[in-house]
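User: I am new to this structure and would like a close look at its salt bridges, with enough of the surroundings to place them. Please explain the terms as you go.

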Amino acid sequence: MDLAAGKYLLLTTFRKDGTAVPTPVWVAGGDGTLYAWSAADAGKVKRIRRSGDVRIGPCDVRGKPTGEQIPATARLLDGPGSDRVRSLIAKKYGVVGKLSLLGSRLRRGRDGTIGIEIKPA
């Protein structure tokens, strides 16, 4: 299952009480490592900061699973790592990706978003 080839990845993070919070995200990557991009103040970022235990799988734009969800480990990236994720997203998603990244940078600034590295367990 090549999750990097899909347009969306369902990234499920967990609250302190164990409640699952599934979120569809854009995904890029290869070589067994996936990369996603998010607003730095998003709930999923806070949950990953607390615990990198996540579940991932293919989904549609609305977050409806379209395949098996598997355990994985996520970690937040530093500035250069986040820049690399932004370039991977821009390359994969073309004009739409570049416009989304530009809009986000104008609204939040360069440090307002963060890259997420995801490795299947």
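Analyst: A residue counts as buried when its relative accessible area is under 20%, as exposed when that area is over 50%, and as partly exposed in between, using a 1.4 Å probe and protein chains only. By that scale Arg-62 is exposed, because its relative accessibility is 76%, and its place is in the loop between strand 5 and strand 6.

The model is a predicted one, in which local features need pLDDT of at least 70 and side-chain atom pairs count only at pLDDT 80 or more, while totals for chains, interfaces and linings use all residues. Residues are numbered from 1 along each chain as its sequence is written, and side-chain values use heavy atoms, leaving out hydrogens and water.

The protein has two helices and seven strands, where helices (H or I, at least four residues) and strands (E, at least two) are DSSP runs numbered from the N terminus. Read from that end, the order of the elements is β-β-β-β-α-β-β-α-β.

Turning to the salt bridges, the term stands for a side-chain nitrogen of Lys or Arg within 4 Å of a carboxyl oxygen of Asp or Glu, and a search of the whole structure finds two. One of them joins Arg-75 to Glu-117, with the closest N and O atoms 2.8 Å apart. This pair links distant parts of the chain, since Arg-75 lies in strand 6 and Glu-117 in strand 7, 42 residues apart. Arg-75 is partly exposed, because its relative accessible area is 46%, whereas Glu-117, at 11%, is buried.

The other pair is Arg-86 with Asp-83, whose closest N and O atoms are 2.5 Å apart. Both belong to helix 2, and because they are three residues apart there, about one helical turn separates them. Here Arg-86 is the buried partner, with a relative accessibility of 13%, while Asp-83 is partly exposed at 31%.

The elements that hold these pairs also take part in the interior: strand 6 (70-76), helix 2 (79-108) and strand 7 (113-120) are among those giving two or more residues to the largest nonpolar core. Such a core is a set of buried Ala, Val, Leu, Ile, Met, Phe, Trp, Tyr and Cys residues joined through side-chain atoms within 4.5 Å. This core has 34 residues, and those with the most contacts inside it include Ile-56, Ile-89 and Ile-118. Across the whole protein, buried residues make up 46% of the 121 residues.
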